[in-house]
Amino acid sequence: MTTFGERLAKLRESKNLSQAKLAKMAGVPQSTIAQIETGRNKSTKKIIELAEILDTTPNYLLNGVKDLSVVPVSSEIGSYSDKNISDKGAYVKIPHYDISLSAGIGNATWIVRDNPDKLLFRESWLQRKGLNELSLKAMYVRGESMEPLLYDMDTILLDINDIEIIDGSVYAIIFKNRLYIKELRNSEDGVDIISYHRDYETMHVTQETYDQFKVLGKMVWRGG
């Protein structure tokens, strides 16, 4: 995987920009660009400006993570520590969560990960999508069952207020006291829980097992 500095240098060169020109456009000393590209600096307060100039996202520059769904463009999403943000503008911070399951289908607790990195979305994007920041939670995907849509350690954004099942949409669910990220479809006798990887069979929620099934939220963005 490439480094922050290598990605910055490659994008800068693809736009035929010198270090001095890029530095002037971003409002930083040329030495800052040089130190990033040589690996001496791992972050910068001007990451948003650099991403906009280079037609990419802060998330890609810093982490090498591309936004996979057709959602925020340019600087509308990023992921970096609070200490690296000097001027957040109209950004909303969404932390990553884990889910703790205990006995009983209703006992699912959202736990903020001990991680300084947060996803940043522009308020304007949330408004266009009709999303409320208070109902959004980011989490990591584990496993291969949803490949090629989602890969292990991809990040997804969930709207925990959107739990009505729409055929073909992807949700975080609990079934038989296990957490899954799956496509859901209503069926005549219940709900089908669908994996994308061919090695995983579809599971079925029936009337007999419905009390062991709970929708936690709908996936509204993914990145990997």
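In this predicted model, Leu22 touches Leu8, Arg12, Leu17, Ile33, Leu50, Ile53 and Leu54, leaving aside residues up to four places away in sequence. Several of those names come back when the largest nonpolar core is laid out. That core has 20 residues, and the ones touching the most other members are Leu8, Leu22, Ile33, Leu50, Leu54 and Leu61. Helices do the supplying here: α1, α2 (19-26), α3, α4 (47-53) and α5 (58-63) are the elements that give two or more residues to the core. The largest share, five residues, comes from α4. There is also a second, separate core, this one of 14 residues, with Ile99, Val170, Ile181 and Met219 included.

Stepping back to the whole chain, the protein has six helices and 12 strands. Of its 224 residues, 46% count as buried. Contacts reach a fair way along the sequence too: take those between residues at least 6 apart, and 58% of them join residues at least 24 apart.

Arg12, already met as one of the residues that Leu22 touches, also has a charged partner. It forms a salt bridge with Glu37, with the closest N and O atoms 2.7 Å apart. The pair ties together distant parts of the chain, Arg12 sitting in helix α1 (residues 4-14) and Glu37 in helix α3 (residues 30-37), 25 residues apart. Neither end is out in the open: Arg12 has a relative accessible area of 9% and so counts as buried, and Glu37, at 18%, is buried as well, because the cut-off is under 20%.

A search of the whole structure turns up six salt bridges. Among them is the one between Arg185 and Glu183, whose side chains meet at 2.7 Å, N to O. The two partners differ in how they are placed, with Arg185 partly exposed at a relative accessible area of 37% and Glu183 buried at 7% relative accessibility. As for shared partners, salt bridges join Arg12, Glu13 and Glu37 into one network.

Another of the bridges pairs Lys218 with Asp162, the closest N and O atoms being 4.0 Å apart. This one also links distant parts of the chain: Lys218 belongs to strand β12 (residues 213-223), while Asp162 lies in the loop between β7 (155-159) and β8 (170-175), 56 residues apart. Asp162 is partly exposed, its relative accessible area being 24%.

That leaves the open space. The largest pocket has a volume of about 430 Å³. Its lining is made up of 22 residues, of which Arg142, Gly143, Leu179, Tyr180 and Ile181 are the closest to the pocket centre. Strands β3 (97-101), β6 (136-140) and β9 (178-187) are the elements that give two or more residues to this lining, and β9 makes the largest contribution, five residues. By type, the lining residues split into 12 nonpolar, three polar and seven charged. Ile181 turns up twice in this account, once among the residues closest to the centre of the pocket and once as a member of the second core.

Notes
Residues are numbered from 1 along each chain as its sequence is written. This is a predicted model: local features need pLDDT of at least 70, side-chain atom pairs count only at pLDDT 80 or more; totals for chains, interfaces and linings use all residues. Side-chain values use heavy atoms; hydrogens and water are left out. On a 1 Å grid over the protein atoms alone, a cavity is a set of points where a 1.4 Å probe fits but cannot get out, and a pocket is an open set with protein on both sides within 12 Å along at least five of seven lines; lining residues have an atom within 4 Å of a point. Grid points are joined across faces, edges and corners, and a volume is the space filled by probe spheres set on the points. Helices (H or I, at least four residues) and strands (E, at least two) are DSSP runs, numbered from the N terminus. Ala, Val, Leu, Ile, Met, Phe, Trp, Tyr, Cys and Pro count as nonpolar, Asp, Glu, Lys and Arg as charged, and the others, Gly among them, as polar. Buried means under 20% relative accessible area, exposed over 50%, partly exposed in between (1.4 Å probe, protein chains only). A nonpolar core is a set of buried Ala, Val, Leu, Ile, Met, Phe, Trp, Tyr and Cys residues joined through side-chain atoms within 4.5 Å. Contact means heavy atoms within 4.5 Å.
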